[in-house]
Amino acid sequence: MTPVESSTRPKLLVVDDEPQILRALRAILSKNYDITVAASGEEALESAAETKPDLVILDLALPGVSGMEVCRSLREWLDAPILILSVRNQEADKIAALDLGADDYITKPFSAGELTAHIRALLRRALSDSGRPGQVRSGDLTVDLDERNVTLDGELVKLTPIEYAIISTLASNADRVVTSGMLIKSVWGVARPEDSRALRVHISNLRSKIERDLAVPRHVVTEPGVGYRFLT
Amino acid sequence: VALIGLLAIAALVLTSVFFAPDRSQAAAERYTLIGLLVVSGAAQWRGTRTGLVVAFAVFMVLGALRGIAPYQMPYGARLDFFFDLGLFLAVAVVQGLATGGLARRERIAQDNERRMAAVNRLSAALMPSAPDANLPSLLVGMQDELAIDRVVLLLQDSSGQLGFASPSDGEWMARHPDAMAFATGVAARCASAAPLSEYCMSSEAVATPRALDLGAPLVSGGEFYGVLYARQERRRGERGASEATLLELASHVLAAFLARKQLEMDVADARATEASNRLKASLVSSVSHELKTPLAAATATVSGLLEEVLPEPVRTELSAARSDLELLNSQIADLLDIALLETSTWQPAFDWNDLHDVFSSLMSGLAAADRGRVHLEVPTELPMVRIDVVQLTRAMRHILENALAYSPPETPVTIGASSEGGRVRIWVQDCGPGVAPSERERLFDKFYRGEASRFAPHGTGLGLTIAAEIARFHGGSIRIEDVEPHGARFVVELPAEPGAADDAR
């Protein structure tokens with residue numbers, strides 16, 4: 001990995017109150033990114049207004065203004081992706097943060113490779129977001145949002161309207177985690193608890209049409225207990 | 001009644017004085033009529049016995065008025081006089097019986113009223129709003145009020161032994177072994193009845209020449225609390241039956257009170273347990289934060305260093321350090337999991353899920369070395385299940401890792417699933433030595449290591465305990481089956497929808 005030129009280096013805002021984590025994140029990220037650090041929610045909001053970061057890494061467990069609150073406030077005016085740092089067993093918090101506008105999450109402890117992969121995917125998507133993505137690709141699967149069709153290896157895939165609604169929602173949020181609740185809302189308009197069962201059935205049917213190996217999905221992957229992600 | 005009697009006597013005296021000078025002209029019928037009035041009044045006033053005495057006295061007076069000297073009576077009287085006597089006696093008896101019955105009924109009504117008042121006072125004193133009730137003094141109050149010779153409350157403690165509500169009761173019982181034998185007999189009848197039946201609810205009475213013994217079991221909500229015993233010495237006593245009813249009433253009131261006390265204590269206990277569980281859970285969560293933060297920092301740093309260009313020996317050492325960190329992480333996770341599961345504060349996040357997601361998580365989470373060993377033999381059609389997908393995946397991973405560790409390397413491990421009648425079965429099958437029947441129960445105990453643990457140098461010995469707990473939270477279970485020719489199959493069986501009506505087997 002070669003250090004990127006300073007002028008083009010993306011600016012990252014890292015929000016965490018644990019010195020050890022901050023030190024580790026600095027060591028991993030400072031080579032390729034400009035890092036600003038905030039140790040509290042208040043500091044994070046100030047810092048974000050000042051530096052206009054390209055991506056925010058946010059720990060949910062913060063003293064003072066909570067991570068959830070920071071996420072909500074940032075989302076009101078900041079377009080940059082927000083990556084949540086969370087711990088195991090807190091799927092409910094992850095879902096809440098994603099519903100508040102966070103883009104992705106990573107569970108501690110994580111490896112450096114995992115973290116940088118998530119950051120790269122989020123930044124890539126943020127850059128391509130400027131133009132409207134008419135086509136979203138995931139390997140040999142193409143979702144054409146303009147033509148409203150899905151092709152697998154060039155062959156048109158016949159989908160029901162609900163299956164298309166699901167995959168188009170996922171594709172237009174490619175590489176982001178879409179929570180089950182968000183998906184249900186975008187497909188059916190309102191979220192009722194009983195829709196969750198129907199959603200699983202439709203996803204299962206959808207996968208049988210687009211995935212080669214059902215045991216190892218490559219296009220629409222499940223984020224257990226949280227939601228789904230369209231992999232590009 | 002007394003007034004009527006006085007008036008009757010006054011009338012008798014007045015008429016005697018009035019008619020005395022003119023007794024030859026006095027008509028026998030008139031005397032008889034007046035006499036009847038007097039006898040009836042007396043019988044009404046004081047009952048049959050008085051009525052009879054007065055009837056005889058009036059007969060004598062009438063005789064005197066008719067000129068028959070008292071010493072000639074009754075032999076000197078004429079036959080129609082005896083007809084009068086018979087009439088007087090009959091009136092006295094009839095009137096006495098009628099009014100006597102009235103008086104007795106009235107006394108019984110008063111007694112009942114008194115008893116009801118006593119029971120009411122007892123229940124009022126035992127109301128939840130009442131200040132702390134002192135049972136022994138309440139019972140002494142009832143005893144005095146109703147003139148019962150002795151009321152004793154025997155309560156059964158948690159070990160099933162009978163004890164006394166007050167020490168003086170104990171002393172009294174010690175002096176009356178027959179009473180004690182009777183009371184323990186009533187208790188034994190109920191204590192041995194399971195479930196507590198109607199038969200146990202009713203009181204028991206035994207009459208001896210000296211006393212009437214009553215025993216009422218205290219039963220409420222199918223729970224036996226003790227015996228309320230009462231003794232009534234025999235004094236021309238005709239009270240027995242109603243005293244038994246009273247005692248039974250009082251015993252119901254007492255039993256309800258004791259049941260409520262018990263419930264209050266249970267609730268307090270449950271609250272205390274819950275508070276301690278919450279404390280433990282918050283302790284676990286704070287310890288977990290303290291443990292995980294440096295671990296996460298170290299893992300990130302070491303893995304970051306491994307991304308650099310490194311001399312080979314350093315890379316090898318760092319890789320080993322990373323594996324150690326990963327192991328440490330999973331062991332800490334196990335310890336925290338079991339701690340949290342044991343506090344019962346863990347709330348499963350149930351939602352509808354595709355079991356295939358569990359299997360793909362399991363497959364993608366495998367270490368590179370194990371990938372070739374694990375085979376998925378799962379039907380494509382499986383019902384959606386309402387599970388905590390993260391936890392159930394963790395349970396299955398523990399079972400899978402157990403199978404991989406306890407069967408010879410290179411031998412296959414199969415994951416399978418099936419569904420039937422609202423329940424799903426997921427299993428992991430290996431070609432290891434199997435699990436001896438004697439070991440099957442203990443295998444799920446905390447920190448238990450199987451006989452075959454020589455295959456598995458690592459691990460906390462908590463994995464299967466956690467898996468069993470998670471299955472239990474889902475309303476399911478884990479069992480171990482033999483596989484021919486050798487091997488073990490761990491079967492997790494779950495309801496497709498925990499708590500659903502069709503799960504009630």
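**Notes on a predicted two-chain model**

1. Let's start with a pair you can find easily: Glu223(A) and Arg229(A) form a salt bridge, with their closest N and O atoms 3.0 Å apart. Please keep in mind that this is a predicted model. Side chains of opposite charge can pair when their charged atoms come close. Is Glu223(A) buried or exposed? Its relative accessible area is 14%, so Glu223(A) falls under the 20% limit for buried residues. Its partner Arg229(A) is buried too, at 7% relative accessibility.

2. Now look at Asp103(A) and Arg176(A), whose side chains meet in a salt bridge at 2.9 Å, N to O. Asp103(A) sits in the loop between helix 4 (91-99) and strand 5 (104-108) of chain A, while Arg176(A) sits in the loop between helix 6 (161-172) and strand 10 (177-179), so the pair ties together parts that are 73 residues apart in sequence. Both Asp103(A) and Arg176(A) are buried.

3. The next pair brings in chain B. Asp357(B) and Arg207(A) join their side chains in a salt bridge of 2.9 Å, N to O. This pair crosses between chains: Asp357(B) belongs to helix 11 (residues 355-364) of chain B, and Arg207(A) to helix 8 (residues 195-210) of chain A. Again, both Asp357(B) and Arg207(A) are buried.

4. How many salt bridges does a search of the whole structure find? Over all chains there are 27. Chain B also holds a network of salt bridges that links Arg423(B), Arg479(B), Glu481(B), Arg489(B) and Glu493(B).

5. Let's turn to the surface. Glu42(A), Glu43(A), Glu46(A) and Glu50(A) gather there in a patch of negative charge. You will find Glu42(A) in helix 2 (residues 41-51) of chain A, and it is partly exposed, with a relative accessible area of 40%.

6. A nonpolar surface patch is formed by Leu52(B), Val93(B) and Leu97(B), which together have about 230 Å² of accessible area. Val93(B) lies in helix 4 (residues 79-125) of chain B and is partly exposed at 31% relative accessible area.

7. Finally, step back to chain A as a whole. Its secondary structure comes to eight helices and twelve strands, and 50% of its 232 residues count as buried. Among contacts in chain A with a separation of 6 or more, 57% come from residues 24 or more positions apart. For an example of positions apart in sequence, try Arg72(A) and Ala97(A): 25 residues separate them in sequence, and 8.2 Å in space, C-alpha to C-alpha.

Terms used
Residues are numbered from 1 along each chain as its sequence is written. Chains are lettered from A and ligands numbered from 1 in the order in which they are written. This is a predicted model: local features need pLDDT of at least 70, side-chain atom pairs count only at pLDDT 80 or more; totals for chains, interfaces and linings use all residues. Side-chain values use heavy atoms; hydrogens and water are left out. Helices (H or I, at least four residues) and strands (E, at least two) are DSSP runs, numbered from the N terminus. Buried means under 20% relative accessible area, exposed over 50%, partly exposed in between (1.4 Å probe, protein chains only). Contact means heavy atoms within 4.5 Å. Patches are made of residues with over 30% relative accessible area and no salt bridge: like charges are joined within 9 Å, nonpolar side chains (Val, Leu, Ile, Met, Phe, Trp, Tyr) within 5 Å. Accessible areas come from the Shrake-Rupley method with a 1.4 Å probe; for residues, only the protein chains shown count as cover. A salt bridge is a side-chain nitrogen of Lys or Arg within 4 Å of a carboxyl oxygen of Asp or Glu. Lys and Arg count as positive and Asp and Glu as negative; His and the chain ends are not counted. The place of a charge is taken as NZ of Lys, CZ of Arg, CG of Asp or CD of Glu.
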